[in-house]
Amino acid sequence: MSVLVVGSVALDSVETPFGRADDVLGGSANYFAASASHQTEVQLVGVVGSDYPMEKLEPLKARGIDFAGLEQMEGESFRWRGRYRHDLNSAETLETRLGVFSHFKPKIPVQFTDAKYVFLANIDPRLQLEVLRQVKAPTLVACDTMNFWIESRRADLIELIKHVDLITLNDGEARQLTECSNLVQAARWIMERGPKTVLIKKGEHGAFMFMRDEIFFAPAYPLESVFDPTGAGDSFAGGFMGWLARTNDLSTANLRRAVIVGSAMGSFVVEGFSITRLLEISRDDIERRVAEFQQLVSFDRTLNA
Ligand code: AMP
C-alpha cells in the first residue's frame, strides 16, 4: 500500500553547533516522504511558491515519490529558520514565514483520494482537516503538530484530533497541548479526545507509544555524533507509517515494529543536514540498524541465583 502525506514543503535555514545551512530542502512533508519512500510508495500534497528551486526535488522524484499533489503558486515558499544550541533536543524557531501556505486550499488529485494510509504532517490544522475531508475511506489516519499551531490554532487542532487514529508529538508539545506535566496523563487526555494511539517522542531519550491498555517504549539509537536534529520527528513518522503501509498490518506487535523502524529513520536523518542521509542510505542499512535496536534492548530475565 502507498502512503499519502500533506505537510510543509519548505526552505530551511538551520544553525547547529556544527555548522549552518541556508535555504536547504526542508519541510515536514519532504522529510516524511524521503523517509517513508524506503518502505513504500509515497504521494505528496503541498504547495511551493514561484521561488522554489524545483530541481532540488528531483532526487525525491527519483525515489518514486509522486508529486502530483504539489501545487506551485505565485508568491513566496514556506520558510523556516531555526537554531539548536547545546541541547540538540529542542529547536529554537527564529522565523516562520508561511508564504503561499497562508492562502493554500489543498486539492487532492483524484488518484490519491482512495489512499489507505494518510499522514497529516505538521502544517496548519485547517489544511490537515481539509485534506482529510477529501480522502474516501482510509485505514489509518495519523497527524503531527507543533507548538506554533498549538498556540495559534488550538480549537482547529482539537477538532482535528477527533478524526485521527494516531497522533505523533514531542514531549513538550504533548505537555503544552494537554496542560498535563505527566506524560502518561497527557497521553490519556489526548486518547479521550479521539486518537487510539499516541506517540510521544523524546528526542535523544526515545519514544513512547501509548494505547488504551499498553505502553511501549523504544530508546533512541545511541549515536556518537548528532549533526542536525531537524526532521527527526518527520523521518520517524515516515519510517513508522511507511512500515505500516508496506505491511498493511495494524496488530500491536507490528505497531511496535513500526516504532523501531521510525526510530531507526530518525537516527539516520540527524547524521547530516537536510535530507542528505535519507538519500544515501539503503534498505540494508535500515535493517542493520533495526537489528542493532533489538540488540540494544534485549535481555535475559532468568535469574541464576
Ligand atoms: P521536525 O521533524 O519536527 O524537526 O520538523 C522539521 C521541519 O518542520 C522543518 O523542515 C521545517 O521546515 C518544518 N516546520 C517548522 N515549523 C513549521 C510549521 N509551523 N508548520 C509546518 N512545518 C514547519
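Residues are termed buried when their relative accessible area is under 20%, exposed when it is over 50%, and partly exposed in between, with a 1.4 Å probe and protein chains only. The structure is a predicted model, in which local features need pLDDT of at least 70 and side-chain atom pairs count only at pLDDT 80 or more, whereas totals for chains, interfaces and linings use all residues. Residues are numbered from 1 along each chain as its sequence is written, and side-chain values use heavy atoms, with hydrogens and water left out. Helices (H or I, at least four residues) and strands (E, at least two) are DSSP runs, numbered from the N terminus.

By the first criterion, Asp-23 counts as partly exposed because its relative accessibility is 31%. Asp-23 belongs to strand E3 and, although it is not a glycine, has a positive phi of about 50 degrees. A positive phi, near 60 degrees, is also found at Glu-179, a residue other than glycine. Glu-179 is situated in the loop between helix H6 (171–178) and helix H7 (183–191), and its relative accessibility of 68% means that it counts as exposed. Asn-248, which follows H8, likewise has a positive phi, near 50 degrees.

Strand E3 also takes part in enclosing a cavity. A cavity is defined, on a 1 Å grid over the protein atoms alone, as a set of points where a 1.4 Å probe fits but cannot get out, and a pocket as an open set with protein on both sides within 12 Å along at least five of seven lines; lining residues have an atom within 4 Å of a point. Grid points are joined across faces, edges and corners, and a volume is the space filled by probe spheres set on the points. A search of the whole structure yields one cavity of 30 Å³ or more; the volume of the largest cavity is about 30 Å³. Its lining consists of Ser-13, Val-14, Glu-15, Arg-20, Ala-21, Asp-22, Arg-81 and Gly-82. At least two lining residues are supplied by each of strand E2 (10–16), strand E3 (19–26) and strand E6 (78–83). With Ala, Val, Leu, Ile, Met, Phe, Trp, Tyr, Cys and Pro counted as nonpolar, Asp, Glu, Lys and Arg as charged, and the others, Gly among them, as polar, this lining comprises two nonpolar, two polar and four charged residues.

The helical elements were examined next. In helix H5 (residues 154–161), the residues Leu-157, Leu-160 and Ile-161 are buried. They lie on the same side of H5, because they cover an arc of only 90 degrees around the axis, the arc being that of the directions from the helix axis to the C-beta atoms. An α-helix has 3.6 residues a turn, so residues three or four places apart point the same way.

Helix H8 (232–247) has 16 residues and reaches 23 Å from its first C-alpha to its last, close to the 22 Å expected at 1.5 Å a residue; the expected span is 1.5 Å times one less than the number of residues. H8 is mostly covered, with 12 of its 16 residues buried, among them Phe-236, Phe-240, Met-241, Trp-243 and Leu-244.

For the 15 residues of helix H11 (residues 283–297), a span of 21 Å is expected at 1.5 Å a residue, and the end C-alpha atoms are 22 Å apart, which agrees. Ile-286, Arg-289 and Phe-293 of H11 are buried. These residues share one side of H11, because their arc around the axis is only 65 degrees. Gln-294 and Gln-295, on the other side of H11, are exposed. The cover over the buried residues of H11 includes helix H9 (252–269), where contact means heavy atoms within 4.5 Å.

H8, H9 and H11 each supply at least two residues to the lining of the second largest pocket, which holds about 310 Å³ of space. Of the 14 lining residues, Arg-257, Ile-260, Val-261, Val-290 and Ala-291 lie nearest the centre of this pocket. H11 provides the largest share, eight residues. By class, the lining has eight nonpolar, two polar and four charged residues.

Two loop positions complete the description. Gly-272, in the loop between H9 and helix H10 (276–280), is buried, with a relative accessible area of 9%. Residues up to four places away in sequence not counted, Gly-272 touches Phe-227, Asp-228 and Arg-277. By contrast, Glu-224, in the loop between strand E13 (215–218) and H8, counts as exposed at 86% relative accessibility.
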